Amino acid sequence: MSVYRPRTVAQAIEDAAAATKNGYRFVEEHSDAEPFFSHGAIERASARFGGAMQALGLKKGDRVALILPDNADFIFSFLGAVRAGIIPVPIYPPTGLGKLAGYLDNTLHIVERSGAKVLITSNEIKLMLGTIAAKAPALQKVVAVEPLRSSKEELKPVKVELDDVCFLQYTSGSTSRPKGVTLTHANLAANVHSIMDLGLGIRDGVDSGVSWLPLYHDMGLIGFVIAPIYHHNTITFLPPLLFLKRPARWLDAISRHRGTISFGPNFAYALCVKRIKEHEMNGLDLSSWRVAGCGAEPIRAENLKAFADKFSAVGFSEKAFVCCYGMAESTLAISFSKLGTGIHVDQVDGDKLWSSHKAEVVAEGTERAAPIVQCGGAFPEHDIGVFAPDDEEGKKPLGDREVGELRLRGPAVMKGYWNEPELTKSAFAGGWLKTGDLGYLADGLVHICGRSKEVIIVNGRNYYPQDLEWEAGNVTGVRRGNVIAFGTMKPHGDRERVVVVFETMVTGDEALHTLKADVRKAVQQGIGLTADDVVAVKVGVLPKTSSGKLQRRKARELYETGELYVRTSARELDRLDQVKELAKSQLGYFRTALFGGKTED
Amino acid sequence: MTESSHLVGDLGIDSLGVMEVLADIEDKFALSIPDDALRDVDDVASVIRAIETRLKKDGRLEG
């Protein structure tokens, strides 16, 4: 481990170019060529792209939006912009399955909010974006990336400093609208140091990584594009869609290139167990893989263990697993479980976890035992605290094994959301960043048991229930405003199941079947998320507070216990609804007036 | 299941499922279907069209 000295990303690119012959390798689906760019070549390619952006009129501090599905295009554009002091704004490219309208809406929001002057994309996506330039006032040009690849423009030197903004990381959806996490070079240098030196014990120039992770997501971009430049590691990239289509290609790349480091969300490991066939394991050798990181969505120990069981036959060691906690607002990583020790599960009393907010240890196999995966402790110079979710002062941290909201302090924590002073203010409490995650510390080690923000995480992406509910509420036959969406952790398969429950007057099996299909379709097309279960209930069944607010957590409990289905005619709701319903009958009205109604809370 | 069955709405296949079906189709027909073809896929008929288009391109299906 070398002595830590913070450097800008721009400086790290130049240092790497002078020092090593390692670099980036790009696996392509239909070719065995696997083009390789040494750090010297990366320096030159990024200089060309940076020069081309300067020639487009972009100056230090300007924002440039990048929608680039090709890994090499994305990386060189991104690094080129950073070297020119231009602030890149990565946006995810459109995928298939007919959800273009929602995609365009999101993209326009990010372009507008970031104030991007130029958007760089492929020729094909440029056509799909259509008139987006006309709708975003600050956006001057939409530029195709293809001509930039052969640009001859030279990068004019720009002084880039640690406190300059390096890039904006738009997080997927906050009640329908993404927010731009503003990351400085100092944030990145601090987190890269934590990850590579302190967390993973990276050997400069020796360890080599393999990644299929999307580069518009923090784990792929910071973990596998930026951090390895600081530490001179070779990285082999695969297109994300290739991994989803043929998961075996991920392990094949690790095997062939003797990869030592690779990360994936929980679902990636589960997908390998489910999809990789016996014959695809022939010749695989995973013995070089010393860090198999897992993060970005809730970790289920049984999925990781199933992966280890299946692939130990080809040299994989369960001890390679590193369970990670992180979020974009803290650059990328918050804590890692201890290197080389595998998965650690804390068995706690599931009932007491939620009723008395205490994580009490119980014996494994006990009926109430809830397995909680341990994700390690805070990095040096960083603090993790647990607070009551409504503690806005942040002055009364909870004790060991007390459940509350996890909050963070330290040099990797963002200064704020770009151009969103109100949202930034509400993201902090007394100098602590509020993560929205519920959990506890045991001997200083992080355990996550849920989320206070009701976010649904599927395949590493965040979805907000309000978005799903809004889409479902637009379907004819659905009672708008009477839709609840939630994720359930009930142990079904390999991830959180997404459930949409709506109230309707429609009756009859066939009509309800059609209506449910319409809701599923609307959610898929609007959000790009497939609901695992769509449930139609009669009017008045969904739980609400006395003020008429939907109760998502309650709905989830009712769903999990099966009570939701029993409540078909029960009008055990808030008083206002009861009055409205019962007013139809004088008798009912009197009864309510005299005896009061049953309320939820 | 009919030609107008929607992959997501009617058959409940999610985006990971679509990628799995795609891989199976590629293996079965010895074809390669580019990622951007996904944008034209929503129901069973569109999957059949995607296969036919590529078989014709290879000269393996009379058009």
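## Two sheets and a helix pair in chain A

In chain A, an open sheet of four strands runs in the order E4-E3-E5-E6, with parallel pairing. Because strand E4 (87–90) and strand E6 (141–144) of chain A stand at the edges with a single partner strand each, one side of each is left without a neighbour in the sheet. On average, neighbouring strands of this sheet are turned by 25 degrees against each other, direction ignored. The model described here is predicted.

Helix H4 (residues 100–114) of chain A packs on this sheet and touches E3, E4 and strand E5 (118–121) of chain A. The direction of H4 makes about 160 degrees with that of E3(A).

The pairings within the sheet are set out below, each with one pair of residues that stand opposite each other.

| Strand pair | Sense | Bridges | Residues standing opposite |
|---|---|---|---|
| E3(A) and E4(A) | parallel | four | Val64(A) and Pro88(A) |
| E3(A) and E5(A) | parallel | four | Leu66(A) and Ile120(A) |
| E5(A) and E6(A) | parallel | four | Val118(A) and Lys141(A) |

Strand E3 of chain A covers residues 63–67. In a regular strand, side chains alternate between the two faces of the sheet. Are the residues of E5(A) on its two faces buried or exposed? Val118(A) and Ile120(A) on one side are buried, and so are Leu119(A) and Thr121(A) on the other; both faces of E5(A) are covered.

A further open sheet of chain A has three strands in the order E24-E25-E26, and its pairing is mixed. Strand E24 (478–488) and strand E26 (533–537) of chain A are the edge strands, each pairing on one side only. Here neighbouring strands are turned by 20 degrees against each other on average, direction ignored. E24(A) pairs with strand E25 (residues 497–504) of chain A in the antiparallel sense, over seven bridges. Within this pairing, Val478(A) has Thr504(A) in E25(A) as its bridge partner.

Which helices lie on E24 and E25 of chain A? H15(A) packs on the sheet and touches both E24 and E25 of chain A, its direction making about 145 degrees with that of E24(A). Helix H17 (residues 552–561) of chain A lies across E24 and E25 of chain A, at about 70 degrees to E24(A).

H15(A) also has a helix partner. Helix H15 (residues 465–473) and helix H16 (residues 509–527) of chain A pack with their axes 8 Å apart, at an angle of about 125 degrees. H15(A) and H16(A) are therefore oblique to each other. Their crossing is right-handed. H15(A) contributes Asp467(A), Leu468(A), Glu471(A) and Ala472(A) to the contact, while H16(A) contributes Val519(A), Ala522(A), Val523(A), Gly526(A) and Ile527(A). By type, the residues of this contact are six nonpolar, one polar and two charged.

For chain A as a whole, there are 20 helices and 26 strands. Of the 601 residues in chain A, 50% are buried. Among contacts in chain A with a separation of 6 or more, 70% are between residues 24 or more positions apart.

Chain A also meets chain B: 18 residues of chain A are in contact with 19 residues of chain B. On the side of chain B that touches chain A, eight residues are nonpolar, four are polar and seven are charged.

Conventions: Residues numbered from 1 in each chain as written. Chains lettered and ligands numbered in written order. Predicted model: local features only at pLDDT ≥ 70, side-chain atom pairs only at ≥ 80, totals over all residues. Contact = placed C-beta atoms within 7 Å. Nonpolar A, V, L, I, M, F, W, Y, C, P; charged D, E, K, R; others polar. Axes fitted to C-alpha atoms, helices over the stretch in contact; angles between N-to-C directions. Parallel < 35°, antiparallel > 145°, perpendicular 65-115°, else oblique. Left-handed = near helix turned anticlockwise from the far one by under 90°. Pairing = 2+ DSSP bridges. Buried ≥ 20, exposed ≤ 12 C-beta atoms within 10 Å, placed from the backbone.
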